[in-house]
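Me: I would like to learn how to read a few features of a protein model, taking backbone angles, burial and pockets in turn. Could you take me through them?

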Amino acid sequence: MATNIWRWGARVLLSSFWVWISLSWTPLFAQEPFQGFLKNREGFKIEPLLQLQFWSVYSSNQKVFNAQTRVYDAVDNRLNFLIRRGRMGFRMQPFDNLKAAVMLSFDAIGRDVQSGNFGAANNGAIPSVGLFDAFLEWRIQPQSEKFFLVAGYFRPQISRESITPAWQVGSLEKSATQTYLRQHIIGLNAGRTAGVNLGGLLKNSTEKVCLNYNLGVFNPGFYAYSNNSVGGKFSPLLVGRAVLSLGDPELKQYGISYLQNFFNQRKGISLALDGSTQGQTDLFSRNTSLGADVLLNWKALNVDAEYHRMLRRGARQLPNNAGLRNFDYTSSVQHLRVSYNWIVGKKLFLEPTFTLMYYKGATDSLRQADALAVHTFAGTETYYDTGINWHLQERKLKLMLHYIWRKGNSGAAGDGATVNDYFNQANVGAIRRGNWLGLGLNAIF
C-alpha cells in the first residue's frame, strides 16, 4: 500500500514539473525566425567568363625515335590549327568579405601530337572538359588587405610563371620553368591541387613599399593507386612565397593571380623568394624546391626572370647486389623574358618580346638512374621564343606572332631516352621536338 502511494506521488510530482516547464518555457519554443544570418551584398551577381587561345602552328624538324632501327625518323613539316587553351566559368562575390571562382578548361583541341609545340595533355580531335579552378577567398579582417584565407582547388603560390595566367605573359607559350617546377612539387602539368592558403598584402602609407605573402598546405602529388594516393607513407605539401614590391605597387588588392605588363602605368620592381617542402612518401624521403623571381616594369620596359632549384631525396638498389644507394638528386630551371611596349602613331600598341628558358638535370649515368628512381627529369633543355604581340584591347584581346627554337641533351641516356620534355611526347614516346612558328589570338570575354 505504501509503495503504491509513493508511486502515485512521484507521478503527480513529475506531471506537475512538466506542466511548469511547458508554461514557463513557451516563449523559448515560440521565438521569431532568426535574423542574424548573413545577407547577400547589395548588387550581388554571378559574372560569367570565357577565355580562348586560338593558335595556328607550323612545325619543322620534328623527329620520332624508331625503336627497331635505333635512329630518329623525321616527320613531315605540318600546319596545325588548335584551341590551345579554353576556359569557361564564373566568379562572384556573394558577401562583402567572401569571393568564389569556378573555371573549367578545354585545352589542345585539334592538336596534332607531331606538332612541335608543347603544353597540355593532348585532346586532339576528341575534346574533353575538366575542372581547372574552384576556390573560395575569404577576407578575414574586414576592409583590410592583410589577411585572406583561400581554400579549394587552385595553384599553390609558388613561381611567378606558374601563378600568372597564360593570357598575361609576353611569350606565346608560358615558359617551361613552370612545367618542370609544377611536376616536381605536384606531379601535374596543370599545377593545381586542393589545399588552404593564408596570405595578405602589407603596405606602407605611400604604398611605395608593399609585401605580399602566402603560406599554404596542400595535397601532395599522387602516384599510387592509379594516381589517387601518395601510398602508405604520407606527408603534406607546404608552400610559401614572399614578394617585396618597391615603387609603384604590383598589387593594389590581394589576389592569387598576377599581371606581367602594366601598359606603361608602372615604375617599380618586385623581388620574390619562394619554396616548397614535402616529407616522406612511398616515392621519396624528401622533396623540396627553393626559388627567386623578379618583375621589373619601367614604363614601356618589362623584364621578368626566375630561378628554381629542385631536390628529391631517395634510395635505390644498385645493380649486381652492390647495396643500397641513398642520394639527393638536384636539378634547376630558369628563364629570362624581356619585352617593350611600342606605341606606333597612337594607333598600334605593339610588344616585341624575347624569352630564354633553360632546364639543367643530370647528364651522367649514375645520377640519371637516381632521377629515374624518383620519377623526375634529367638531361638539359634550352629554348628561345622571339616574337611580337599586337594588343587590340588592354589585357583582353591580342594577336601574337612568334618563332620558337628548342634543343636538348639526353646525356648518358642516349638515343631513345625520354628524360625531359624535349625528348618526350605523350601518345608518341621518344622524340626530338621540332621548332615552330606560331600565330595566336588571345581573347577574354
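**Reading the features**

Reply: This is a predicted model, and a good place to begin is R70, which is found in the loop between β2 (63-66) and β3 (71-74).

Me: What is the phi of R70, and how should I read it?

Reply: As a general idea, most residues other than glycine have a negative phi. R70 is not a glycine, yet its phi is positive, about 60 degrees. N321, also not a glycine, has a positive phi of about 55 degrees, and its place is in the loop between β13 (301-317) and β14 (324-340).

Me: Is N321 buried or exposed?

Reply: A residue counts as exposed when its relative accessible area is over 50%. N321 has a relative accessible area of 80%, so it is exposed.

Me: How many residues of helix α3 are buried?

Reply: Buried means under 20% relative accessible area. In helix α3 (residues 177-185), 9 of the 9 residues are buried, so the helix is largely enclosed by the rest of the structure. Among these buried residues are T177, Y180, R182 and I185. After α3 comes G187, whose phi is positive, near 95 degrees.

Me: Which residues line the second largest pocket, and how do they divide into nonpolar, polar and charged?

Reply: To read a pocket, one can take its space together with its lining. The second largest pocket holds about 180 Å³ of space, and its lining consists of Q368, A369, A371, L372, H375, T376, F377, A378, T418 and V419. That lining divides into 6 nonpolar and 4 polar residues, with no charged ones.

Key
Residues are numbered from 1 along each chain as its sequence is written. This is a predicted model: local features need pLDDT of at least 70, side-chain atom pairs count only at pLDDT 80 or more; totals for chains, interfaces and linings use all residues. Side-chain values use heavy atoms; hydrogens and water are left out. On a 1 Å grid over the protein atoms alone, a cavity is a set of points where a 1.4 Å probe fits but cannot get out, and a pocket is an open set with protein on both sides within 12 Å along at least five of seven lines; lining residues have an atom within 4 Å of a point. Grid points are joined across faces, edges and corners, and a volume is the space filled by probe spheres set on the points. Ala, Val, Leu, Ile, Met, Phe, Trp, Tyr, Cys and Pro count as nonpolar, Asp, Glu, Lys and Arg as charged, and the others, Gly among them, as polar. Buried means under 20% relative accessible area, exposed over 50%, partly exposed in between (1.4 Å probe, protein chains only). Helices (H or I, at least four residues) and strands (E, at least two) are DSSP runs, numbered from the N terminus.
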